[in-house]
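Visitor: I would like to learn how to read the packing of helices and strands in a model. Could we go through one together?

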Amino acid sequence: MEPILDSTIEVRSYLGPADERTLADDVLDGLTRPLKELPPKHLYDARGSELFDAICELPEYYQTRTERLILRTQAQTIVARTSAVELVELGSGSADKTRVLLDAMEAARTLRRYVPVDVSETTVHAVAERLVEEYPGMSVHGVVGDFERHLTHLPSPLGPRLFVFLGGTIGNFPPGSRRRFLRGLRKVMGPDDHLLLGTDLVKDPRIIEAAYDDSAGVTAQFNLNVLHVLNRELGANFDVDRFEHVAFFDRKREWIEMRLRATEQQHVRVEALDLDVEFAPREELRTEISAKFTPERLRSDLAAAGLELVELYTDPNKLFTVSLSRLG
Ligand code: SAH
Ligand code: AVI
């Protein structure tokens with residue numbers, strides 16, 4: 001897609017042929033491991049992003065509505081505390097809950113720019129076009145890229161920035177990468193900036209498992225969609241109907257895993273990699289982990305990255321938390 005350039009919208013893509021290699025490398029690496037695994041970012045092609053939005057509306061998926069409630073209750077306080085003129089959002093998706101914060105910044109008359117960062121190109125373009133219309137006077141600088149590699153391409157700040165990373169997406173990193181990511185983020189933050197981070201909390205595993213194995217089967221479709229991505233992008237021949245969605249909470253590690261289980265013995269060819277992969281009956285491919293937090297774990301992860309917790313905002317049922325932090 002061509003970069004959009006006018007006075008209020010600019011969208012730049014940092015994904016290129018090297019990123020097609022990233023998918024190829026991830027698949028080669030992941031499908032040849034003893035426990036087969038793929039990084040979750042490949043779940044989000046255009047169809048995967050639509051399915052994720054549908055998940056957010058599900059009765060079992062408590063995270064989205066709970067985080068929205070926390071943001072509605074606290075947005076004014078957060079905006080007053082941070083004096084932010086700019087909102088930089090990592091993994092912005094459809095930026096639905098973001099509007100609660102943008103509304104508060106607009107009401108405080110501080111809002112100047114929104115910077116969505118996401119690997120999903122169609123989503124960043126759609127959000128940029130919609131939000132400049134909804135917020136007259138605000139500019140949008142979209143970054144189509146990987147938040148683990150492209151944060152150095154953020155535009156120079158216009159003033160104090162509020163970095164936001166919502167939805168509990170930080171939980172999709174394994175613990176080591178999570179800390180590396182937070183350290184990388186800290187490096188691009190300045191002394192006037194704050195980070196607003198949404199994290200899902202540890203709770204009754206039955207509530208968590210229902211959220212990742214909904215009765216309408218939307219999460220199953222979201223999970224299985226990654227096989228369509230591999231078929232299309234890498235000329236693989238996964239028979240999607242012969243895999244089933246699995247979600248279980250690992251009580252020791254306090255994270256939920258999504259996996260795809262082969263219902264029978266299978267041979268899969270990945271043409272672009274000249275790779276043949278065998279799946280034994282009931283063999284599983286891990287497609288995502290989603291870590292659940294305690295306030296203590298959150299505080300120590302932030303501290304390890306040199307970030308100091310300013311405030312923790314939680315809903316009355318203690319399902320989800322939104323933390324505000326700054327450079328320590
Ligand atoms: N923030 C939204 C969307 C969360 S879904 C919400 O709270 O509802 C996770 C989003 O992160 C998706 O839009 C996905 O495309 C994006 N994403 C996943 N991995 C990414 C990566 N490595 N770099 C940039 N964006 C990524
Ligand atoms: C984006 N991320 C925080 C979601 C989660 O809950 O871990 C992705 C998701 N996976 C299954 N349902 C939703």
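Guide: Gladly! This is a predicted model, and a helix pair is a good place to begin. Arg68, Leu71, Arg72, Ala75, Gln76 and Val79 of α3 touch Val100, Leu101, Ala104 and Met105 of α4. By class, this contact between α3 and α4 consists of seven nonpolar, one polar and two charged residues.

Visitor: How should I describe the geometry of such a pair?

Guide: Two packed helices are described by the angle between their axes and the distance between the axes. Here, helix α3 (residues 62-82) and helix α4 (residues 98-107) have axes that come within 9 Å and cross at roughly 25°. An angle under 35 degrees counts as roughly parallel, and α3 and α4 are therefore roughly parallel to each other. As for the hand, α3 passes α4 in a right-handed crossing.

Visitor: At what angle do the axes of α2 and α8 cross?

Guide: Helix α2 (residues 46-56) and helix α8 (residues 218-234) cross at roughly 160°, with axes that come within 9 Å. That angle makes α2 roughly antiparallel to α8. The hand of the α2 and α8 crossing is left-handed.

Visitor: Which residues of α2 and α8 meet?

Guide: On the α2 side they are Arg47, Gly48, Leu51, Phe52, Ala54 and Ile55, and on the α8 side Val218, Thr219, Gln221, Phe222 and Asn225. The classes in the contact of α2 with α8 are six nonpolar, four polar and one charged.

Visitor: Now the sheets, please. In what order do the eight strands of the open sheet stand?

Guide: Reading across that sheet, you pass β1-β5-β4-β3-β6-β7-β14-β13, and the pairing is mixed. At the edges are β1 (9-13) and β13 (307-314); each has a single partner strand, so one side of each is left without a neighbour in the sheet. Neighbouring strands of this sheet are turned by 15° against each other on average, ignoring direction.

Visitor: How many bridges join β13 to β14?

Guide: There are seven, and β13 runs antiparallel to strand β14 (residues 320-327). To find the register, look at Glu311, whose bridge partner in β14 is Leu324.

Visitor: Which strands of the sheet does α3 touch?

Guide: Our helix from the opening packs on this sheet: α3 touches β6 (161-165), β7 (194-200), β13 and β14, and its direction makes about 35° with that of β14. Another helix to look for is α9 (residues 295-304), which lies across β7, β13 and β14 and runs at about 150° to β13.

Visitor: In what order do the four strands of the other open sheet stand?

Guide: The order is β2-β12-β9-β8, again with mixed pairing. Its edge strands are β2 (36-37) and β8 (243-250), and each of these pairs on one side only. Further in, seven bridges connect strand β9 (residues 255-262) with strand β12 (residues 284-291) in the antiparallel sense. For a register point, take Ile256, which stands opposite Ser290 in β12.

Visitor: Let us finish with a single residue. Where is Asp204?

Guide: Asp204 sits in the loop between β7 and α7 (205-211). Its accessibility can be read as a class: buried is under 20%, exposed is over 50%, and partly exposed lies in between. Asp204 has 31% relative accessibility, so it counts as partly exposed.

Visitor: What separates the C-alpha atoms of Asp204 and Leu319?

Guide: In space they are 9.8 Å apart, while along the chain Asp204 and Leu319 are 115 residues apart.

Notes. Residues numbered from 1 in each chain as written. Chains lettered and ligands numbered in written order. Predicted model: local features only at pLDDT ≥ 70, side-chain atom pairs only at ≥ 80, totals over all residues. Heavy atoms only, no water. Axes fitted to C-alpha atoms, helices over the stretch in contact; angles between N-to-C directions. Helix = DSSP H or I, 4+ residues; strand = E, 2+ residues; numbered from the N terminus. Parallel < 35°, antiparallel > 145°, perpendicular 65-115°, else oblique. Left-handed = near helix turned anticlockwise from the far one by under 90°. Contact = heavy atoms within 4.5 Å. Nonpolar A, V, L, I, M, F, W, Y, C, P; charged D, E, K, R; others polar. Pairing = 2+ DSSP bridges. Buried < 20%, exposed > 50% of the residue type's maximum accessible area, 1.4 Å probe, protein only.
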